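User: Please take a close look at the aromatic ring pairs here. I would like the geometry and the strands around them.

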Amino acid sequence: MRILVAFALLFACLGLTTASVQAAPERTAIYMTVAGPLEVVRDGAASTVLLGGRVIHQATGAALTAQSYMSVGDASDGYDAVLIRHGVGNAECPITYDLVAVGADKTFAVVPDINKCSRILNINVDGDRLMLVTERQNGRTEIIEYNDKQRRRGDGKP
């Protein structure tokens, strides 16, 4: 009888340990940017983007997944950009992306839904401009340009 009680307690403890391990946040991406480490963390149904350990972007109910990392502009005054896939989409809007841009001065900008439900075909850098070549659902190609003015204005600081 004591052996059965001991096994029951052991399995109960293992069950609690497994549940607590499953509930731990998961880092899905880490990039060393000019402003410090940028991390994408998933915690259940919520995802968070951290810059130097501080929250700069969050999404609840849609997983954020880092897709592309680019260094843009000159090393002295350029910025790093991370394209983040927002969820998995649906029939009306199959893919949306958020753009996170960070500079060495630790300012950042988050541009949610930058691609307007289009899929990304190519990413180009021209000087300090980031250009996303997209294809809309009707097959039309569009170029979305990010020129870093928003981040340089200091709209966000960690």
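Analyst: The aromatic pairs come first, then the strands next to one of them. This is a predicted model, where local features need pLDDT of at least 70, side-chain atom pairs count only at pLDDT 80 or more, and totals for chains, interfaces and linings use all residues. Residues are numbered from 1 along each chain as its sequence is written, and side-chain values use heavy atoms, with hydrogens and water left out.

Rings of Phe, Tyr and Trp (its six-membered ring) pair if their centres lie within 6.5 Å; planes under 30 degrees apart count as stacked, over 60 as edge-to-face and the rest as tilted. The count is 2 aromatic pairs. Tyr-31 and Tyr-69 have ring centres 5.1 Å apart and planes at 5°, so they are stacked. Tyr-31 sits in strand β1 and Tyr-69 in strand β5 (residues 64–72), so the pair ties together parts 38 residues apart in sequence. Tyr-69 is partly exposed, at 31% relative accessible area (buried is under 20%, exposed over 50%, partly exposed in between, with a 1.4 Å probe and protein chains only).

The rings of Tyr-79 and Tyr-146 have centres 5.8 Å apart and planes at 75°, so this pair is edge-to-face. Tyr-79 is in strand β6 (residues 79–86) and Tyr-146 in strand β11 (residues 141–146), 67 residues apart. Both Tyr-79 and Tyr-146 are buried.

Now strand β1. Strands are DSSP runs (E, at least two residues), numbered from the N terminus, and two of them pair if DSSP finds at least two bridges between them. β1 (residues 26–33) runs antiparallel to β2 (residues 36–43), joined by 7 bridges. Ala-29 stands opposite Val-40 in β2. A hairpin through 2 residues joins β1 to β2.

Key
Helices (H or I, at least four residues) and strands (E, at least two) are DSSP runs, numbered from the N terminus.
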